[in-house]
Amino acid sequence: MKEKQKMKKNNLNIHVFHDQEAASAYVANKIYDLIQKNPQAVLGLATGSTPELTYQFLIEMLTESNLDLSKILTFNLDEYVGLETTHAQSYHTFMSENLFKFLPTLKSNNNNFPSAEVDYDKKISDAGGIDLQILGIGTNGHIGFNEPGSTSDSKTRIVNLDPSTIAANSRFFNSIDEVPTKAISMGLDTIFKAKKIILMAFGETKKSAIKKLMQAEKFDQDFPASILLSHPNVEIIVDEESYK
Ligand code: GLP
């Protein structure tokens with residue numbers, strides 16, 4: 001694998017890859033290894049353009065291996081509020097189109113999404129906690145939909161989206177007016193409880209967020225991803241474009 005550089009800052013293990021492809025193959029391997037070792041693994045999954053290629057590689061590996069996924073549990077990070085789950089831009093649809101529909105032994109009942117009707121944090125802890133949480137990062141440092149101002153003890157809840165997030169996500173909708181203004185998201189505390197976390201960031205647009213993360217010394221509410229600084233098991237996976 002074309003890994004260029006590996007370093008450690010605070011608790012963060014940073015891996016810089018030449019490109020998104022090499023980085024995504026690395027992360028797909030990590031998820032695959034976990035599933036192979038633990039057929040009852042609990043995965044925390046993310047949406048967005050960042051993990052798409054990882055999911056493609058993972059589908060290829062899982063299809064070739066024929067591993068039984070019937071006891072794998074997944075918990076997605078977030079979902080829009082006010083969109084039908086069947087809407088083309090819902091995160092339910094994203095997961096189905098980019099991962100779930102290609103994995104026939106994965107049980108749809110085992111794929112969880114936050115909703116106002118369930119105590120998501122309890123559901124996660126009742127499942128034994130998340131073994132591996134996959135994260136992307138917003139240009140403003142959000143993880144999941146934990147926008148600046150999120151507290152370190154935040155749990156799964158309904159949040160107002162930051163104007164910068166609405167603008168960034170408008171690329172997936174016909175117009176900015178169609179972008180939901182609210183979402184339901186795992187909280188920072190929910191994410192922090194995962195046993196292992198892998199955050200990925202690719203491309204020039206993530207450069208300033210990654211720079212901020214590298215410069216942060218402790219948790220700062222204005223930059224939610226900084227919660228990761230004190231987590232004991234975090235890998236930050238970046239390409240050269242986001243880490244120049
Ligand atoms: C979205 C999601 C996040 C995602 C981030 C980056 O709004 N709620 O989970 O990590 O923004 O998205 P992308 O990967 O498309 O850059």
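**Pockets, ligand and cavity**

The largest pocket of this predicted model has a lining of 36 residues, with T47, G48, S49, N169 and R171 nearest its centre.

Reader: Which elements give two or more residues to the lining of the largest pocket, and which gives the most?
Author: Three elements give two or more residues to this lining: β5 (78–81), α3 (91–98) and α5 (163–169). One of them gives 5 residues, the most to the lining. That element is α3.

Reader: How much space lies in the largest pocket?
Author: Residues T47, G48 and S49 are among those nearest the centre of this pocket. The space in the pocket comes to about 650 Å³.

Reader: How do the residues of the lining of the largest pocket divide by class?
Author: The lining holds 36 residues. Of these, 13 are nonpolar and 5 are charged. The polar residues number 18.

Reader: Where does the ligand sit?
Author: Start with the residues around the ligand: S49 and R171 are among the closest. S49 and R171 are also among the residues nearest the centre of the largest pocket. The ligand sits in the largest pocket.

Reader: How many residues surround the ligand, and how many are nonpolar, polar and charged?
Author: The shell around the ligand has 13 residues, and S49, T50, D78, R171 and K206 are the closest. By class, the shell has 3 nonpolar, 7 polar and 3 charged residues.

Reader: Which side chain has a polar atom 2.6 Å from an oxygen atom of the ligand?
Author: Take three side chains in turn. An N or O atom of the D78 side chain is 2.9 Å from a nitrogen atom of the ligand. For H142, a side-chain N or O atom is 3.1 Å from a ligand oxygen. The distance of 2.6 Å to a ligand oxygen belongs to K206.

Reader: How much of the accessible area of the ligand does the protein cover?
Author: Contacts with the ligand include the one from K206, at 2.6 Å. On its own, the ligand has 390 Å² of accessible area. The protein covers 94%.

Reader: What is the volume of the second largest pocket, and which element gives the most to its lining?
Author: This pocket has a volume of about 160 Å³. Its lining has 14 residues, with E79, Y80, P114, S115 and I184 nearest the centre. By class they divide into 8 nonpolar, 4 polar and 2 charged. With 3 residues, the element that gives the most is β5.

Reader: How many cavities of 30 Å³ or more does a search of the whole structure find, and what is the volume of the largest?
Author: The search finds 1 cavity of that size. The largest cavity has a volume of about 70 Å³.

Reader: How many residues in the lining of the largest cavity are nonpolar?
Author: The lining has 13 residues, and I35, L43, L58, L99 and L103 are closest to the centre. At least two residues come from each of α1 (20–37), β3 (42–45) and α2 (52–65). No charged residue and 1 polar residue are in the lining. The nonpolar residues number 12.

Technical notes
Residues are numbered from 1 along each chain as its sequence is written. This is a predicted model: local features need pLDDT of at least 70, side-chain atom pairs count only at pLDDT 80 or more; totals for chains, interfaces and linings use all residues. Side-chain values use heavy atoms; hydrogens and water are left out. On a 1 Å grid over the protein atoms alone, a cavity is a set of points where a 1.4 Å probe fits but cannot get out, and a pocket is an open set with protein on both sides within 12 Å along at least five of seven lines; lining residues have an atom within 4 Å of a point. Grid points are joined across faces, edges and corners, and a volume is the space filled by probe spheres set on the points. Helices (H or I, at least four residues) and strands (E, at least two) are DSSP runs, numbered from the N terminus. Ala, Val, Leu, Ile, Met, Phe, Trp, Tyr, Cys and Pro count as nonpolar, Asp, Glu, Lys and Arg as charged, and the others, Gly among them, as polar. A residue is near a molecule or strand if one of its heavy atoms lies within 4 Å of it. A polar contact is a pair of N or O atoms within 3.5 Å; within protein, one must be able to donate a hydrogen and the other to accept it, and residues adjacent in sequence count only if both atoms are side-chain atoms. Accessible areas come from the Shrake-Rupley method with a 1.4 Å probe; for residues, only the protein chains shown count as cover. A molecule sits in a cavity or pocket if more than half of its atoms lie within 2 Å of its grid points.
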